[in-house]
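Reader: I have a new model open and would like to learn how to read its features one by one. Could you take me through it?

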Amino acid sequence: MTLAAKLYPILKPLLFRMDAERAHVWTTWLMRVAHAFRLIGSEAPTEAKAVDVFGLRFPNVLGLAAGMDKSAACVDAWGAVGFGFVEVGTLTPRPQPGNPRPRLFRLPEQEALINRMGFNNPGIDAAVRRLEKRRTKAIVGVNIGKNFDTPNDTAQNDYLYCLKAAYSVADYIAVNISSPNTKGLRDLQGEDAIRRLVGALRQEQGRLGFEHGRRVPVLVKIAPDLSEIQIEALARVFNELAVDGIIATNTTIAREAVAGHPLAEQAGGLSGAPVTKCSTEVIRAFRELLRPSSPIIGVGGIMCGADACEKLDAGAALVQVYSGLVYRGPALVGEVLDAVARRG
Ligand SMILES: Cc1cc2nc3c(=O)[nH]c(=O)nc-3n(C[C@H](O)[C@H](O)[C@H](O)COP(=O)(O)O)c2cc1C
(Lines give C-alpha, C1' and ligand atoms only; values in the text may rest on other atoms or scores of the structure.)
Protein backbone atom coordinates (compact mmCIF):
# COMPACT_ATOMS: atom_id res chain seq x y z
CA MET A 1 0.00 0.00 0.00
CA THR A 2 1.33 3.46 -0.88
CA LEU A 3 1.95 6.12 1.77
CA ALA A 4 -0.93 8.20 0.36
CA ALA A 5 -3.26 5.20 0.74
CA LYS A 6 -2.10 4.66 4.35
CA LEU A 7 -2.52 8.35 5.26
CA TYR A 8 -5.98 8.84 3.79
CA PRO A 9 -7.96 7.07 6.57
CA ILE A 10 -6.31 9.46 9.05
CA LEU A 11 -6.97 12.56 6.94
CA LYS A 12 -10.49 11.64 5.85
CA PRO A 13 -12.34 12.58 9.09
CA LEU A 14 -10.63 16.00 9.02
CA LEU A 15 -11.42 16.53 5.35
CA PHE A 16 -15.03 15.44 5.81
CA ARG A 17 -15.46 18.06 8.53
CA MET A 18 -14.58 20.77 5.97
CA ASP A 19 -16.80 22.10 3.23
CA ALA A 20 -16.44 19.64 0.32
CA GLU A 21 -14.81 22.06 -2.12
CA ARG A 22 -12.40 23.33 0.52
CA ALA A 23 -11.41 19.72 1.23
CA HIS A 24 -10.82 19.25 -2.47
CA VAL A 25 -8.52 22.29 -2.64
CA TRP A 26 -6.59 21.04 0.42
CA THR A 27 -6.22 17.53 -0.94
CA THR A 28 -4.92 18.83 -4.25
CA TRP A 29 -2.39 21.00 -2.45
CA LEU A 30 -1.29 18.10 -0.22
CA MET A 31 -0.90 15.85 -3.24
CA ARG A 32 1.35 18.37 -4.96
CA VAL A 33 3.51 18.89 -1.87
CA ALA A 34 3.74 15.16 -1.16
CA HIS A 35 4.69 14.50 -4.75
CA ALA A 36 7.31 17.27 -4.77
CA PHE A 37 8.94 15.65 -1.70
CA ARG A 38 8.63 12.21 -3.33
CA LEU A 39 6.34 11.03 -0.55
CA ILE A 40 3.85 9.45 -2.92
CA GLY A 41 4.72 6.85 -5.42
CA SER A 42 3.39 3.46 -6.26
CA GLU A 43 5.31 0.54 -7.64
CA ALA A 44 6.68 1.13 -11.12
CA PRO A 45 4.16 0.16 -13.81
CA THR A 46 4.62 -3.41 -15.01
CA GLU A 47 4.09 -4.56 -18.57
CA ALA A 48 1.68 -7.19 -17.23
CA LYS A 49 -0.89 -4.52 -16.39
CA ALA A 50 -0.53 -2.56 -19.64
CA VAL A 51 -3.36 -2.52 -22.17
CA ASP A 52 -3.61 -1.25 -25.74
CA VAL A 53 -6.74 0.78 -26.42
CA PHE A 54 -7.45 3.49 -29.04
CA GLY A 55 -3.99 2.76 -30.45
CA LEU A 56 -2.43 3.89 -27.16
CA ARG A 57 -0.55 1.85 -24.59
CA PHE A 58 -2.12 2.47 -21.16
CA PRO A 59 0.12 1.46 -18.18
CA ASN A 60 -3.05 -0.01 -16.60
CA VAL A 61 -6.84 0.10 -17.06
CA LEU A 62 -7.64 2.58 -14.30
CA GLY A 63 -7.94 6.31 -14.88
CA LEU A 64 -8.81 9.43 -12.93
CA ALA A 65 -12.13 10.79 -14.22
CA ALA A 66 -12.55 14.36 -15.44
CA GLY A 67 -13.35 17.05 -12.90
CA MET A 68 -10.86 16.06 -10.18
CA ASP A 69 -7.96 17.87 -11.87
CA LYS A 70 -9.82 20.49 -13.86
CA SER A 71 -6.78 22.68 -14.44
CA ALA A 72 -4.11 20.00 -15.05
CA ALA A 73 -2.41 21.14 -11.84
CA CYS A 74 -1.08 17.79 -10.64
CA VAL A 75 -1.08 15.13 -13.34
CA ASP A 76 2.38 13.93 -12.27
CA ALA A 77 1.11 13.32 -8.73
CA TRP A 78 -1.93 11.38 -9.99
CA GLY A 79 0.37 9.29 -12.15
CA ALA A 80 2.51 8.58 -9.08
CA VAL A 81 -0.57 7.42 -7.14
CA GLY A 82 -0.81 4.61 -9.67
CA PHE A 83 -3.37 5.74 -12.25
CA GLY A 84 -2.73 4.46 -15.76
CA PHE A 85 -4.37 7.56 -17.17
CA VAL A 86 -5.53 10.96 -16.04
CA GLU A 87 -8.27 12.95 -17.73
CA VAL A 88 -7.91 16.67 -17.05
CA GLY A 89 -10.66 19.29 -17.47
CA THR A 90 -13.30 20.04 -18.48
CA LEU A 91 -11.45 22.93 -20.13
CA THR A 92 -13.09 25.71 -22.09
CA PRO A 93 -11.58 28.27 -24.52
CA ARG A 94 -11.73 31.15 -22.02
CA PRO A 95 -11.14 30.83 -18.25
CA GLN A 96 -14.36 30.93 -16.20
CA PRO A 97 -15.17 30.89 -12.47
CA GLY A 98 -18.03 28.38 -12.59
CA ASN A 99 -21.19 28.59 -10.50
CA PRO A 100 -21.41 30.38 -7.12
CA ARG A 101 -20.43 28.36 -4.03
CA PRO A 102 -21.51 26.15 -2.37
CA ARG A 103 -21.59 23.90 -5.44
CA LEU A 104 -20.26 20.55 -4.20
CA PHE A 105 -22.05 18.41 -1.60
CA ARG A 106 -21.35 15.07 0.08
CA LEU A 107 -24.06 12.54 0.87
CA PRO A 108 -21.97 10.13 2.97
CA GLU A 109 -24.91 7.88 3.85
CA GLN A 110 -25.18 6.98 0.16
CA GLU A 111 -21.48 7.36 -0.69
CA ALA A 112 -22.52 10.01 -3.20
CA LEU A 113 -21.70 13.54 -4.31
CA ILE A 114 -23.81 16.22 -5.93
CA ASN A 115 -21.97 18.90 -7.87
CA ARG A 116 -22.90 21.93 -9.93
CA MET A 117 -19.39 23.26 -10.41
CA GLY A 118 -20.15 24.65 -13.89
CA PHE A 119 -16.78 24.12 -15.61
CA ASN A 120 -14.67 26.32 -13.33
CA ASN A 121 -11.32 26.23 -15.11
CA PRO A 122 -8.31 28.37 -16.06
CA GLY A 123 -8.93 28.08 -19.81
CA ILE A 124 -7.46 25.57 -22.23
CA ASP A 125 -4.31 27.57 -23.06
CA ALA A 126 -3.18 27.72 -19.40
CA ALA A 127 -3.76 23.97 -19.01
CA VAL A 128 -1.82 23.23 -22.19
CA ARG A 129 1.19 25.17 -20.86
CA ARG A 130 1.10 23.00 -17.72
CA LEU A 131 0.77 19.78 -19.68
CA GLU A 132 3.78 20.66 -21.82
CA LYS A 133 5.88 20.28 -18.63
CA ARG A 134 4.41 16.98 -17.44
CA ARG A 135 6.72 14.07 -16.68
CA THR A 136 4.30 11.26 -15.86
CA LYS A 137 4.18 8.13 -17.97
CA ALA A 138 0.42 7.96 -17.45
CA ILE A 139 -1.71 8.61 -20.51
CA VAL A 140 -3.26 12.09 -20.38
CA GLY A 141 -6.71 12.82 -21.78
CA VAL A 142 -7.91 16.39 -22.21
CA ASN A 143 -11.64 16.85 -21.63
CA ILE A 144 -13.07 19.83 -23.53
CA GLY A 145 -16.29 21.82 -23.31
CA LYS A 146 -17.86 25.14 -24.18
CA ASN A 147 -17.91 28.38 -22.18
CA PHE A 148 -21.13 28.94 -20.23
CA ASP A 149 -22.05 32.01 -22.30
CA THR A 150 -21.46 30.43 -25.71
CA PRO A 151 -24.83 29.61 -27.29
CA ASN A 152 -25.32 26.05 -28.55
CA ASP A 153 -25.49 27.38 -32.15
CA THR A 154 -21.83 28.33 -31.98
CA ALA A 155 -20.68 25.72 -29.43
CA GLN A 156 -18.82 23.94 -32.23
CA ASN A 157 -16.32 26.81 -32.40
CA ASP A 158 -15.47 26.37 -28.70
CA TYR A 159 -14.87 22.63 -29.12
CA LEU A 160 -12.80 23.20 -32.27
CA TYR A 161 -10.73 25.84 -30.51
CA CYS A 162 -10.00 23.46 -27.62
CA LEU A 163 -9.24 20.53 -29.91
CA LYS A 164 -6.66 22.59 -31.79
CA ALA A 165 -5.17 24.07 -28.62
CA ALA A 166 -4.79 20.70 -26.86
CA TYR A 167 -3.85 18.52 -29.83
CA SER A 168 -0.09 18.66 -29.33
CA VAL A 169 -0.19 17.76 -25.60
CA ALA A 170 -3.13 15.34 -25.41
CA ASP A 171 -2.93 11.57 -25.73
CA TYR A 172 -6.69 11.61 -26.28
CA ILE A 173 -9.45 14.23 -26.33
CA ALA A 174 -12.77 13.79 -24.52
CA VAL A 175 -15.69 15.83 -25.85
CA ASN A 176 -17.96 16.62 -22.94
CA ILE A 177 -21.56 17.10 -24.03
CA SER A 178 -23.06 15.55 -20.92
CA SER A 179 -22.48 17.84 -17.94
CA PRO A 180 -25.80 18.87 -16.38
CA ASN A 181 -24.28 22.08 -15.04
CA THR A 182 -23.91 24.12 -18.22
CA LYS A 183 -27.29 25.28 -19.48
CA GLY A 184 -28.34 23.45 -22.65
CA LEU A 185 -25.12 21.41 -22.94
CA ARG A 186 -26.92 18.07 -22.89
CA ASP A 187 -29.04 19.22 -25.86
CA LEU A 188 -25.89 18.64 -27.90
CA GLN A 189 -26.62 14.92 -27.44
CA GLY A 190 -29.58 15.27 -29.84
CA GLU A 191 -29.06 13.30 -33.07
CA ASP A 192 -28.64 16.23 -35.45
CA ALA A 193 -26.62 18.33 -33.03
CA ILE A 194 -24.19 15.51 -32.25
CA ARG A 195 -23.81 14.62 -35.92
CA ARG A 196 -22.85 18.21 -36.74
CA LEU A 197 -20.52 18.59 -33.76
CA VAL A 198 -18.73 15.26 -33.99
CA GLY A 199 -18.59 15.52 -37.80
CA ALA A 200 -16.80 18.86 -37.54
CA LEU A 201 -14.43 17.55 -34.87
CA ARG A 202 -13.60 14.43 -36.91
CA GLN A 203 -12.76 16.60 -39.90
CA GLU A 204 -10.49 18.84 -37.83
CA GLN A 205 -8.94 15.78 -36.17
CA GLY A 206 -7.99 14.49 -39.63
CA ARG A 207 -6.42 17.83 -40.58
CA LEU A 208 -4.52 18.11 -37.29
CA GLY A 209 -3.33 14.51 -37.54
CA PHE A 210 -1.78 15.30 -40.90
CA GLU A 211 -0.24 18.55 -39.63
CA HIS A 212 1.23 17.00 -36.45
CA GLY A 213 2.09 13.59 -37.93
CA ARG A 214 0.21 11.98 -35.02
CA ARG A 215 -3.38 10.83 -34.66
CA VAL A 216 -5.03 11.79 -31.37
CA PRO A 217 -8.23 9.81 -30.66
CA VAL A 218 -11.38 11.85 -30.01
CA LEU A 219 -13.91 10.31 -27.60
CA VAL A 220 -17.38 11.52 -26.66
CA LYS A 221 -18.53 11.58 -23.01
CA ILE A 222 -22.20 10.86 -22.54
CA ALA A 223 -24.83 11.14 -19.79
CA PRO A 224 -26.44 8.22 -17.97
CA ASP A 225 -29.90 9.76 -18.35
CA LEU A 226 -30.63 8.51 -21.85
CA SER A 227 -33.67 6.63 -23.09
CA GLU A 228 -33.31 3.49 -25.21
CA ILE A 229 -34.24 5.55 -28.29
CA GLN A 230 -31.62 8.19 -27.49
CA ILE A 231 -28.97 5.51 -26.97
CA GLU A 232 -29.81 3.95 -30.33
CA ALA A 233 -29.69 7.33 -32.07
CA LEU A 234 -26.34 8.22 -30.52
CA ALA A 235 -24.85 4.81 -31.34
CA ARG A 236 -26.03 5.21 -34.94
CA VAL A 237 -24.23 8.54 -35.26
CA PHE A 238 -21.09 7.27 -33.52
CA ASN A 239 -20.98 4.29 -35.90
CA GLU A 240 -21.64 6.46 -38.98
CA LEU A 241 -18.86 8.85 -38.01
CA ALA A 242 -16.60 6.04 -36.76
CA VAL A 243 -15.87 7.78 -33.46
CA ASP A 244 -12.75 6.53 -31.72
CA GLY A 245 -14.66 5.66 -28.54
CA ILE A 246 -16.98 6.90 -25.82
CA ILE A 247 -16.84 7.61 -22.11
CA ALA A 248 -19.92 6.37 -20.24
CA THR A 249 -21.06 8.01 -18.06
CA ASN A 250 -21.17 11.48 -16.59
CA THR A 251 -23.22 12.32 -13.46
CA THR A 252 -27.00 11.82 -13.34
CA ILE A 253 -29.80 14.32 -12.83
CA ALA A 254 -32.02 11.54 -11.41
CA ARG A 255 -32.58 11.57 -7.65
CA GLU A 256 -34.57 8.39 -6.90
CA ALA A 257 -31.56 6.71 -5.34
CA VAL A 258 -31.06 9.49 -2.79
CA ALA A 259 -34.72 10.50 -2.27
CA GLY A 260 -35.36 11.76 1.25
CA HIS A 261 -31.77 12.90 1.85
CA PRO A 262 -31.73 16.55 2.99
CA LEU A 263 -29.35 17.41 0.13
CA ALA A 264 -31.13 15.32 -2.51
CA GLU A 265 -32.81 18.30 -4.14
CA GLN A 266 -29.62 20.33 -4.56
CA ALA A 267 -29.30 21.12 -8.27
CA GLY A 268 -26.47 19.40 -10.12
CA GLY A 269 -25.15 16.01 -11.10
CA LEU A 270 -25.24 13.04 -8.75
CA SER A 271 -22.29 10.64 -8.70
CA GLY A 272 -20.92 7.78 -6.62
CA ALA A 273 -22.63 4.59 -5.45
CA PRO A 274 -26.15 5.60 -6.63
CA VAL A 275 -25.02 5.68 -10.31
CA THR A 276 -23.08 2.38 -10.35
CA LYS A 277 -25.84 0.23 -11.82
CA CYS A 278 -27.31 2.69 -14.26
CA SER A 279 -23.95 3.65 -15.74
CA THR A 280 -23.05 -0.04 -16.14
CA GLU A 281 -26.34 -0.60 -18.00
CA VAL A 282 -25.55 2.30 -20.35
CA ILE A 283 -22.13 0.75 -21.03
CA ARG A 284 -23.76 -2.63 -21.76
CA ALA A 285 -26.28 -1.04 -24.14
CA PHE A 286 -23.63 0.90 -26.07
CA ARG A 287 -21.31 -2.11 -26.23
CA GLU A 288 -24.03 -4.05 -28.02
CA LEU A 289 -24.69 -1.23 -30.49
CA LEU A 290 -21.26 0.26 -31.19
CA ARG A 291 -18.80 -1.18 -33.67
CA PRO A 292 -16.10 -3.22 -31.94
CA SER A 293 -13.52 -0.68 -33.09
CA SER A 294 -15.05 1.94 -30.72
CA PRO A 295 -13.90 1.09 -27.17
CA ILE A 296 -15.72 2.37 -24.08
CA ILE A 297 -14.26 3.96 -20.96
CA GLY A 298 -16.58 2.96 -18.11
CA VAL A 299 -17.13 5.44 -15.29
CA GLY A 300 -19.82 5.96 -12.67
CA GLY A 301 -19.97 4.68 -9.12
CA ILE A 302 -16.88 2.49 -9.02
CA MET A 303 -16.47 2.23 -5.25
CA CYS A 304 -14.54 -1.08 -5.06
CA GLY A 305 -12.67 -3.59 -7.19
CA ALA A 306 -15.82 -5.60 -7.98
CA ASP A 307 -17.58 -2.50 -9.38
CA ALA A 308 -14.68 -1.99 -11.80
CA CYS A 309 -14.79 -5.63 -12.89
CA GLU A 310 -18.55 -5.36 -13.52
CA LYS A 311 -17.95 -2.41 -15.85
CA LEU A 312 -15.25 -4.37 -17.70
CA ASP A 313 -17.60 -7.37 -17.91
CA ALA A 314 -20.29 -5.08 -19.35
CA GLY A 315 -17.91 -4.17 -22.17
CA ALA A 316 -15.71 -1.33 -20.95
CA ALA A 317 -12.08 -1.50 -22.07
CA LEU A 318 -10.88 0.95 -19.41
CA VAL A 319 -12.44 2.41 -16.25
CA GLN A 320 -12.26 5.70 -14.33
CA VAL A 321 -13.07 6.83 -10.80
CA TYR A 322 -13.93 10.11 -9.11
CA SER A 323 -16.39 9.80 -6.18
CA GLY A 324 -14.91 6.46 -5.07
CA LEU A 325 -11.63 8.22 -4.52
CA VAL A 326 -13.29 10.75 -2.20
CA TYR A 327 -14.84 7.98 -0.09
CA ARG A 328 -12.11 5.35 -0.26
CA GLY A 329 -8.95 7.36 -0.91
CA PRO A 330 -5.95 6.21 -2.96
CA ALA A 331 -6.29 2.65 -1.57
CA LEU A 332 -9.04 2.25 -4.18
CA VAL A 333 -6.42 2.40 -6.94
CA GLY A 334 -4.55 -0.68 -5.68
CA GLU A 335 -7.79 -2.48 -4.89
CA VAL A 336 -9.17 -1.98 -8.40
CA LEU A 337 -5.91 -2.99 -10.06
CA ASP A 338 -5.66 -6.14 -7.91
CA ALA A 339 -9.27 -7.09 -8.66
CA VAL A 340 -8.71 -6.57 -12.40
CA ALA A 341 -5.52 -8.67 -12.28
CA ARG A 342 -7.39 -11.49 -10.49
CA ARG A 343 -10.17 -11.27 -13.11
CA GLY A 344 -7.47 -12.07 -15.68
C1 LIG B 1 -17.11 17.45 -8.36
C2 LIG B 1 -17.20 16.81 -9.70
C3 LIG B 1 -16.81 17.52 -10.83
C4 LIG B 1 -16.88 16.94 -12.09
N5 LIG B 1 -16.47 17.66 -13.17
C6 LIG B 1 -16.50 17.08 -14.40
C7 LIG B 1 -16.04 17.79 -15.53
O8 LIG B 1 -15.57 18.92 -15.43
N9 LIG B 1 -16.11 17.17 -16.73
C10 LIG B 1 -16.61 15.90 -16.89
O11 LIG B 1 -16.63 15.39 -18.01
N12 LIG B 1 -17.04 15.21 -15.82
C13 LIG B 1 -17.00 15.76 -14.59
N14 LIG B 1 -17.44 15.05 -13.51
C15 LIG B 1 -18.02 13.70 -13.71
C16 LIG B 1 -17.00 12.59 -13.46
O17 LIG B 1 -15.92 12.66 -14.36
C18 LIG B 1 -17.68 11.21 -13.57
O19 LIG B 1 -18.11 11.03 -14.90
C20 LIG B 1 -18.89 11.06 -12.65
O21 LIG B 1 -18.66 11.68 -11.41
C22 LIG B 1 -19.23 9.59 -12.40
O23 LIG B 1 -18.14 8.92 -11.79
P24 LIG B 1 -18.02 8.67 -10.21
O25 LIG B 1 -19.31 8.08 -9.75
O26 LIG B 1 -16.83 7.76 -10.07
O27 LIG B 1 -17.79 10.00 -9.59
C28 LIG B 1 -17.38 15.61 -12.24
C29 LIG B 1 -17.76 14.89 -11.10
C30 LIG B 1 -17.68 15.47 -9.85
C31 LIG B 1 -18.11 14.68 -8.64
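Author: Gladly, and we can begin with a definition: a polar contact is a pair of N or O atoms within 3.5 Å; within protein, one must be able to donate a hydrogen and the other to accept it, and residues adjacent in sequence count only if both atoms are side-chain atoms. The model is predicted, so local features need pLDDT of at least 70 and side-chain atom pairs count only at pLDDT 80 or more, while totals for chains, interfaces and linings use all residues. Residues are numbered from 1 along each chain as its sequence is written, and side-chain values use heavy atoms, with hydrogens and water left out.

Reader: Which residue shares a polar contact with the side chain of R134?

Author: That is D171, whose side chain meets that of R134 at 3.3 Å. A polar side-chain atom of D171 also lies 2.7 Å from the backbone nitrogen of V140. As for its place, D171 sits in the loop between α5 and β8 (172-176); helices (H or I, at least four residues) and strands (E, at least two) are DSSP runs, numbered from the N terminus.

Reader: Is D171 buried or exposed?

Author: Buried means under 20% relative accessible area, exposed over 50%, and partly exposed in between (1.4 Å probe, protein chains only). D171 counts as buried because its relative accessible area is 15%. Contact means heavy atoms within 4.5 Å; leaving aside neighbours within four places in sequence, the contacts of D171 include L56, A138, I139, R214 and P217.

Reader: Where is N250, and what does its side chain meet?

Author: N250 is in the loop between β10 (245-248) and β11, and its side chain makes a polar contact of 3.0 Å with that of S178. N250 is buried, because its relative accessible area is 13%. Among the residues it touches, not counting those up to four places away in sequence, are N176, S179, K221 and P224.

Reader: How should I read the ligand site?

Author: Start with proximity: a residue is near a molecule if one of its heavy atoms lies within 4 Å of it. There are 24 residues around the ligand, and A66, T90, K221, G301 and S323 come nearest. Then look at the polar atoms: an N or O atom in the side chain of S323 is 2.6 Å from a ligand oxygen, one in the side chain of T90 is 2.7 Å from a ligand nitrogen, and a polar side-chain atom of K70 is 2.9 Å from a ligand oxygen. Taken alone the ligand exposes 610 Å², of which the protein buries 98%; these areas come from the Shrake-Rupley method with a 1.4 Å probe, and for residues only the protein chains shown count as cover. The elements giving two or more residues to the shell are β4 (85-91), β6 (112-115) and β11 (269-272).

Reader: How do I find a nonpolar core?

Author: The general idea is that in soluble globular proteins, nonpolar side chains tend to be buried together. A nonpolar core is a set of buried Ala, Val, Leu, Ile, Met, Phe, Trp, Tyr and Cys residues joined through side-chain atoms within 4.5 Å. Here the largest has 98 residues, and F83, V142, Y159 and F238 are among those with the most contacts inside it. Helix α5 (residues 155-166) gives the largest share of this core, seven residues. Apart from it lies another core of seven residues, including F105, I114, A264 and L270.

Reader: What should I look for in the backbone?

Author: Most residues other than glycine have a negative phi, and most peptide bonds are trans. In this model a cis peptide bond joins G89 and T90, with omega about 20°, and T90 belongs to strand β4. Another cis bond joins R101 and P102, with omega about -5°; P102 lies in the loop between β4 and β5 (104-107).

Reader: Which phi values are positive, as for R38 and A72?

Author: R38 has a phi of about 55° although it is not a glycine, and A72, also not a glycine, has one of about 60°. R38 counts as exposed because its relative accessibility is 75%, whereas A72 is buried because its relative accessible area is 4%. R38 lies in the loop between α2 (20-36) and β1 (51-53), and A72 in the loop between β3 (62-64) and α3 (75-81).
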